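Hi everyone, thanks for coming along. Let me put the structure up on the screen, and then we can walk through it together.

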Amino acid sequence: MPFSLCFWCFPAAALGGAALSILIVFLFSVMSSARRPSSHSPPPPPGSRGLPLIGETIQFMAAVNSSNGVYDFVRIRCLRYGRCFKTRIFGETHVFVSSTESAKQILNDSGVNYTKKYIRSIAELVGHRSLLCASHLDHKFLRSHLINLFSTSFLASFVTQFDQQIVEALRGWESGSTIVLLNQALKITCKAMCKMLMSIQNDDELELLQKEVAHVCEAMLAFPWRFPGTRFHNGLKARRRIIKILEKMIRERRRSEAWHDDFLQRLLTEEGDDSRGALLDVEIGDNILTMLIAGQDTTASAITWMVKFLDENPDVLQNLKDEQFEILNKQRDRDRESCFLTLEDLGNMCYAPKVVKESLRLASVVPWFPRLVLQDSQIQGYKVNEGWNVNIDVRSLHSHPSIYHHPLIFNPSRFDEEAKPYSFLAFGMGGRQCLGMNLAKAMMLVFLHRLVTSYRWKVIDSDPSIEKWALFSKLKSGCPIIVTRIES
Ligand code: HEM
């Protein structure tokens, strides 16, 4: 009997066991599928879509208006939900992502799944024919014309001209005086950009344009309210005034025979080698304004951050000085007639470009890049829907310990080794990469060279608060420094 029991019981027990196993597996799969959608349908990213209609717009605007800067809105949610989350701002769903894989996926896309898209206020301020807001096809056309302007021969002549401007500007700094670095850097970059773009050199005209561009930049994150007195309304008015100045210049240039060595002249006289020919006047206007906005504030802010980081890291500063004095001496030995830097001199710098790169990484002046999702797709294992906005959170990428060892430490030597693909994105990557990247790097190097070989300095206000309403992260204090001239 024990045998027969066993004999009969074994298959019965086996059957019972199998049934039980199937039941457990079934229940487990039902339970886990309730928790996790099947592989065919990835879940949406975590995050809060906030209140009906307004979403999290109030929290976003609070960050825009806080001394932690607008990026704080993203930083807090990144800590709460991880490296891919969603939110709702200005009536639209925004997803923020920060991995090298997702950056590659989005930045490599040729306009099939994603296209660039700024919030409406920005699009109106830079103009609909701007490279920043044009549709994929229009962008290709505009970029193909504008990219020609940034040739190596242009860069070579720009470097020497810019060096002359810096030497002149720094000569005006009295030893022992206090300099608000951001203000000075803005003046310098505005002058360089205005000369390069349209040969404006008159101080009054430069001051006026700098103010107008500042109004436009301040309006970029504002509510798109058009009531007189609002930030957005003031920004739009400033845009109109700049465009009027440009239209007048274009009319005069078309009437005159005189040749000016600048971008405006080259855009007005080019033939165009495609079916659409040369740029229309309205396209020239919107894109000169775009380059003014894209180049001035960004480069000035990056220079300011770089000087602050150097002040906080005396060892790095010493290494840099050693290299730069060597370059200065070589350059003096070489040529006693023209003592201005050349593109070749910049090419001979080894440590300074790493200082520039590390400053751009740590400051992440452009903290995220916006794109529009053109068709449902999957990013970082989450589903993103057509019509959503997806933002590459570059600041988070630049400060992730899995990508950068001790990411909060300012260490230019980390770039002795090649950075991992898509891990350094200060200027973006792919078809939308910054057009002025080499120009900006050259301006930072020239400024750095002249500053460290002409002055010692001390930052006298280390308040890290960020300027409110600033699209590009910049120090509220403007980074005041006391300078002492180095006697050569
Ligand atoms: C340190 C200074 C600068 C930084 C950090 C910077 C960064 C960037 C970034 C991140 C983008 C967008 C990438 C994207 O959305 O994928 C961009 C685009 C652009 N930048 Fe810069 N930029 C700087 C200086 C300049 C300068 C000096 C110019 C001069 C003309 C310039 C002109 C442009 C233009 C025209 C675009 C639009 C490119 C396109 O959409 O095809 N930038 N920049």
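Before I show you how a helix sits on a sheet, a word on contact: two residues are in contact if their C-beta atoms, placed from the backbone, lie within 7 Å. Axes are lines fitted to C-alpha atoms, for helices over the stretch in contact, and angles run from 0 to 180 degrees between N-to-C directions. Helices (H or I, at least four residues) and strands (E, at least two) are DSSP runs, numbered from the N terminus.

Please keep in mind that this is a predicted model: local features need pLDDT of at least 70, side-chain atom pairs count only at pLDDT 80 or more, and totals for chains, interfaces and linings use all residues. Residues are numbered from 1 along each chain as its sequence is written.

So, that helix. Helix α8, residues 181-198, lies across β4 and β10, and runs at about 60 degrees to β4. The sheet underneath is an open one of three strands, in the order β4-β10-β9, with antiparallel pairing. Because β4 (178-180) and β9 (455-459) stand at the edges with a single partner strand each, one side of each has no neighbour in the sheet. On average, neighbouring strands here are turned by 35 degrees against each other, direction ignored. Two strands pair, by the way, if DSSP finds at least two bridges between them. Between β9 and β10 (residues 480-485) there are five bridges, in the antiparallel sense, and V459 stands opposite I481 in β10.

Now follow the chain out of α8. S199 is found in the loop between α8 and α9, and its phi is near 60 degrees, a positive value in a residue other than glycine. Most residues other than glycine have a negative phi. On burial, a residue is buried if 20 or more other C-beta atoms lie within 10 Å of its own, exposed if 12 or fewer, and partly exposed in between, with C-beta atoms placed from the backbone. S199 has 14 such neighbours, so S199 is partly exposed.

Which residues of α9 meet α12? They are V213, V216 and C217, and on the α12 side they face L292, I293, Q296 and D297. These contact residues divide into five nonpolar, one polar and one charged (nonpolar being Ala, Val, Leu, Ile, Met, Phe, Trp, Tyr, Cys and Pro; charged Asp, Glu, Lys and Arg; polar the others, Gly among them). The axes of α9 (residues 203-219) and α12 come within 10 Å and cross at roughly 90 degrees.

How much of α12 is buried? The helix is mostly covered, with 27 of its 32 residues buried.

Let's move to another set of strands, with β8 (residues 389-393) as our guide. Four of the five residues of β8 are buried. β2 (residues 92-97) runs parallel to β8 and is joined to β8 by four bridges, with F96 opposite N391. β5 (residues 368-373) pairs with β8 in the antiparallel sense over five bridges; among the partners, F369 goes with I392 and P370 with N391. β5 is also joined to β3 (residues 114-116), antiparallel, by three bridges, and there Y114 has V373 as its bridge partner.

One last stop: F90, in the loop between β1 (84-89) and β2. F90 is not a glycine, yet has a positive phi of about 50 degrees. With 17 C-beta neighbours inside 10 Å, F90 counts as partly exposed.
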